[in-house]
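User: I should like a close look at one strand of this structure. Please describe its pairing and burial, and then comment on some other parts of the fold.

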Amino acid sequence: MRMHGNLRYVKLELIGLLAALVVASPAQAELVTSQADRGLLAAAVDGTPYAAYTVGRDLFVAVRSPQGLWRATRLGRLPGANVTLAGISVSERPHRYVSVLAEDLHGRWLSLARGSLITSIARPAARSSLGPAGLTLDAADRPAVAYAVQRPSGKTFLRLVTFGQDVRPRTRAITQKGFPASALPPGAAPVLVNGRLHVVETYTSAAIDWAPKARGGWEGQYLFASRDGTPQGRVGAVYLPSILWTAWTQVYPDALAVLLTSSSDTQTTWTLTQGIFVSIAGGDNAPEVGAYDWVNLAEDWPVYAGLVVRGPADATWQLDGRLEGYLIAHDGSRQLLLSRDGALEWFHAPAPSLPSIQITMGAVDQSGQVSGSVVGATGGTVEIYLELPHAPRRLVVTSPVAADGSFRADGLDPSPGALYRAVYADPETGIPFGFLPDLPVGVSD
């Protein structure tokens, strides 16, 4: 089974921050910070992007100015250093402020930063553990948090936390009496459906949509159930006209896959791609799902590729680097946060979609030559990198793209252990599309 670290939480080891710009000719790619490689992305109603990340126990949010400069603000100090970020949102009422949900790597605490105020949301009893939590905005544009607690017996308890006009949180019990029992702490994601908060919960072998009843209490609708594999990690949900869409990572005995479900009169599930789920964004008629996958050059040295799939498997993109955030702004434009070479970079694509760029590349032949194509391109250049274990990758050749999209490169190492990645930066947006061998995208059922 291909695993890297802990699927439920990925430890953040951030040691500094820097706001700056880098230029990818002729479009601009913006560097959010050069020393953080994990983060989250959100956008205000007007499209202004915000990126959250941590430096040790300190939580930061960087915002992009109209001039393209990123300004970082320290929100406060978190309860512990073993932290991962679970959600970010931008509220507009009564004024604009950012909320960031942070959780302990081992499920020992959950905290919400609302502006510069950090509020403790949950601390489970000894030997109990919190599952991956979720954050959204309610109908009043205030943050809402969903989380579940697993006790040593396997019993679980799902909770929804909301805020009134003051700063004090209100916690509501969604499930009681330990239902459902789960081998792992369940994941949870709140989602606004027709103005009312629902909570999607994933546990050992199933997913449930919990909806409030008119006279109080909650009722559940099964979205998915499986005897083979289990949901793990972050859960995402969006509500598009009449359909609730949810996504998560499904762990099988020999693989990881990103699943997408639709729920209306009936429930349907698709396998979108291999990899780990990152985010789900609401498009015009169907969601777009972000994920990442990797190839292990050594046991402790993965090299990543970002993945975006317009569901269910309508169009796919592979990106250079690990995808940290993907969203569709109110004007239909796309925003991406990528981790590349130990830094966080932000990219923007105008509506209505990402550029229609796909790279293919064959194997290096015995003479050291490789050929491929960039579908959707009629010029520009392809950069070919040699990925190296325990060292920065090396740019080995730059090849021009012909009018028909083809490219060719010579002088490469034909040995089986050499791993080459092709990267094409879209001239209009600067988005680095990539091709990393042996990573299929868009494997649907």
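Analyst: The strand comes first, followed by two sheets, a pocket and a single glycine.

The model is predicted, so its local features need pLDDT of at least 70 and side-chain atom pairs count only at pLDDT 80 or more, while totals for chains, interfaces and linings use all residues. Residue numbers run from 1 along each chain as its sequence is written, and side-chain values rest on heavy atoms, without hydrogens or water.

The strand chosen is S18, residues 206-212; strands here are DSSP runs of E with at least two residues, numbered from the N terminus. Seven of its seven residues are buried (under 20% relative accessible area with a 1.4 Å probe, protein chains only), so S18 is largely enclosed by the rest of the structure. Ala206, Ile208, Trp210 and Pro212 point one way from the strand, Ala207, Asp209 and Ala211 point the other way, and all of them are buried. In a regular strand, side chains alternate between the two faces of the sheet.

S18 pairs with strand S17 (residues 196-203) in the antiparallel sense over five bridges, where pairing requires at least two DSSP bridges. A hairpin of two residues joins S17 to S18, and Glu201 has Ile208 in S18 as its bridge partner. Strand S19 (residues 218-225) also pairs with S18, again antiparallel, over seven bridges. Here Trp210 is matched with Gly220 of S19. Five residues lie between S18 and S19 in their hairpin, where Gly216 takes a positive phi near 100°.

Elsewhere, four strands form an open antiparallel sheet in the order S3-S4-S5-S6. Strands S3 (40-43) and S6 (70-77) each have a single partner, so one side of each is left without a neighbour in the sheet. Strand S5 (residues 58-64) and S6 are linked by seven antiparallel bridges, and Phe60 stands opposite Arg74 in S6.

A further open antiparallel sheet of four strands has the order S7-S8-S9-S10. Its edges are S7 and strand S10 (117-122), each paired on a single side. Between strands S8 (residues 97-104) and S9 (residues 110-114), which run antiparallel, there are five bridges, and Ser99 has Arg114 as its bridge partner in S9.

The edge strands S3 and S7 also each supply at least two residues of the lining of the largest pocket, as do S12, S16, S20, S24 and S28. The largest share of that lining, seven residues, comes from S20. A pocket is an open set of points on a 1 Å grid over the protein atoms alone, where a 1.4 Å probe fits, with protein on both sides within 12 Å along at least five of seven lines; lining residues have an atom within 4 Å of a point. The largest pocket holds about 1300 Å³ of space, a volume filled by probe spheres set on points joined across faces, edges and corners. Of its 43 lining residues, those closest to the centre are Ile88, Leu135, Thr136, Val238 and Ile280.

Finally, Gly306 belongs to strand S26 (residues 301-310) and is buried, with a relative accessible area of 0%. Beyond its neighbours within four places in sequence, Gly306 is in contact (heavy atoms within 4.5 Å) with several residues, including Tyr292, Trp317 and Leu323. Its C-alpha atom is separated by 22 Å from that of Val397, 91 residues apart along the chain.

Technical notes: Buried < 20%, exposed > 50% of the residue type's maximum accessible area, 1.4 Å probe, protein only.
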